[in-house]
Amino acid sequence: MRNASKIAFVVAGLSLGLLVAPARADDASPLREGALLDLLQKQSGVYDRSTSGKTPEFMVDPTWPQPLPHSWLLGQIGGLYVDHHDHIWVYNRPRTLNDDEVGLDGPIAGATDAKGQPVNGLGFVRANGFGADCCRAAPSVMEFDGSGKMLRAWGGPADPGFVGGKCKAEDGCIWPNVEHGIYVDQKDNVWVAGNSPKTDEKPTPWTTNKSGGDGFILKFDRDGNFKMRIGGTPTAPDSNSKDGGLNGTPLLYRPADMVVDPKTNRLYVADGYANRRVLIVDADSGKYIGHFGAYGSNPIDDAAAAAAGTWPQGSAKGETKPAFFRNPVHCVKIADDGKIYVCDRGNDRIQVFDGKDPLLGKECSNPGGEAGKCGFVTERFISPKTYTQPVMPGTAVSMNFSPDQAQSCLYIGDNTNQTIYILDRNNLEQLGRLGHGGRMAGDFHWLHQVSLDSQGNIYTGEVDTGKRVQKFARYGANGCSGKGTATIGGEAADRK
């Protein structure tokens, strides 16, 4: 790596000076000047490049985030979002920690198992008090600055007194059983959701939703003070619900992601793991405005879509343009030009819509996927026919944009192939990739969330046993340009 690139890299926000030790001229150690930066770049940089395209460069920051206080340990990362202050909000699942990962969590007063033995919040036996010198489950919501310093943490069952305190059932606040999706709007409201299908069959002291599935979104201020709930606790999908939830709001079912358009104050929800639509509501009242499915069509027949089977099954029968979203509809993002991007993960694709089209969200039919109809713009398949159901359905799990004025890069996370595709947003052609499947710094295991700050640094979160967040510091170019390939994914070149 040239010195200029190293300087730019440090300016981008990664301080690895402590990793670079002065060395003798004959020193062949990896600690010689610059060697570790070169190794990190090789391990975590952009690869599988277009020969004529141009993208930003990246390198993982293995020091991010800074150590957590109170012996806290992260569970699965259900949501991650970088707000307009360049603060990184992490929405983790404390109930996904294993027995050995919450060894320091002692018994809860009065909580016992079937044998009468004292248990902790997750139901793990703590007959003899604390189990080990590590760890405590962190609160569900955590805020970090760009350096990785934790600024605040609140929410969920691992935050003592929060459920029943700031989150009271009588106010309409039900904490979800499975945390999924976080978003912070321009007014600093913090939106969170959940995707549990039903109440736990074997509840623990930390079971928070005892009424049904997670069919709602919660709105808080930055300090965790509850403001509003949209939805309720259903037991079955209804992708055309308009008013079945609390206070006449739509009833969601296992929503995955949400975003507010600051120009219209409309909240768009990827609804989601059981429903198969993008829901539009007013961000202040939660009241219904509209909803749409694949190609902008509306309404949706959940039973017919479920009966159609999986995307590989449909593809084997000659289906090339699925006329409906398959579960999960995993993300929704809005670009500055008003285009709305949706992760149709179960169909291995993204779809793009025109947020300015007055027909988007209104009753409309476009089963053939005609561009310019019902607000539909275009689509792109992402490593098509990738499928590992029921474990990890689909590819397009999350996406976001580069911060240059044109938002010229589109970064799409693939949590089956464990990589991020770098696309030119103008032509949706692949210019390169970031990350491989694995456990090392810069690798991914069940990549789940992708978000960027104003400097173009990428932040990621992982579920399953990954249970971590990572930062990829940007250097070099700020945007994307040039020709790539319209085929996204497939077998990639090795790092060697």
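Here are four short exercises on the predicted model above, each with a worked solution.

Residues are numbered from 1 along each chain as its sequence is written, and side-chain values use heavy atoms, with hydrogens and water left out. Since this is a predicted model, local features need pLDDT of at least 70 and side-chain atom pairs count only at pLDDT 80 or more, while totals for chains, interfaces and linings use all residues.

**Exercise 1. Confidence**

Find the stretches where pLDDT (the predictor's confidence in each residue, from 0 to 100) stays under 50.

*Solution.*
- Start with the whole protein chain: its mean pLDDT is 92, and 92% of its residues reach 70 or more.
- Now go to residues 1-8, where pLDDT stays under 50. The model gives them twelve contacts (heavy atoms within 4.5 Å) beyond four places in sequence.
- Residues 15-23 are also below 50, with 15 contacts in the model beyond near neighbours in sequence.
- A word of caution: where pLDDT is low, the predicted coordinates should not be read in detail.

**Exercise 2. Strand S15 and its partners**

Work out how strand S15 (residues 277-282) sits among its neighbours. Strands (E, at least two residues) and helices (H or I, at least four) are DSSP runs, numbered from the N terminus; two strands pair if DSSP finds at least two bridges between them.

*Solution.*
- Check burial: five of the six residues of S15 are buried. Buried means under 20% relative accessible area, exposed over 50%, and partly exposed in between (1.4 Å probe, protein chains only).
- On one side of the pairing list is S14 (residues 266-271), antiparallel to S15 over six bridges. Arginine 266 has aspartate 282 in S15 as its bridge partner, and a hairpin of five residues joins the two strands.
- Then take S16 (residues 288-292), which runs antiparallel to S15 with four bridges. Here valine 278 stands opposite phenylalanine 292.
- Finish at the S15-S16 turn: five residues lie between the strands, and glycine 286 has a positive phi of about 80°.

**Exercise 3. Salt bridges**

Trace three salt bridges and say where their partners lie. A salt bridge is a side-chain nitrogen of Lys or Arg within 4 Å of a carboxyl oxygen of Asp or Glu.

*Solution.*
- Count: the rule gives 23 salt bridges.
- Arginine 152 and glutamate 143 have their closest N and O atoms 2.5 Å apart. Arginine 152 is partly exposed at 27% relative accessibility, whereas glutamate 143 is buried at 0%.
- Aspartate 302 meets arginine 276 at 3.6 Å, N to O. Aspartate 302 is in helix H3 (residues 302-307) and arginine 276 in the loop between S14 and S15, so the pair ties together parts 26 residues apart in sequence. Both residues are buried.
- Aspartate 337 meets arginine 425 at 3.1 Å. Aspartate 337 is in the S17-S18 loop and arginine 425 in the S23-S24 loop, 88 residues apart. Aspartate 337 is partly exposed at 31%; arginine 425 is buried at 11%.
- Last, shared partners join Asp83, Glu143, Arg152, Asp188, Arg222 and Asp223 into one network.

**Exercise 4. The largest pocket**

Which strand gives the largest share of the lining of the largest pocket?

*Solution.*
- Define it: on a 1 Å grid over the protein atoms alone, a pocket is an open set of points where a 1.4 Å probe fits, with protein on both sides within 12 Å along at least five of seven lines; lining residues have an atom within 4 Å of a point.
- The lining has 32 residues, with Tyr81, Gln186, Ile334, Asp336 and Gln407 nearest the centre.
- S4, S13, S17, S21 and S25 each supply at least two lining residues.
- The strand you want is S13, with five residues.
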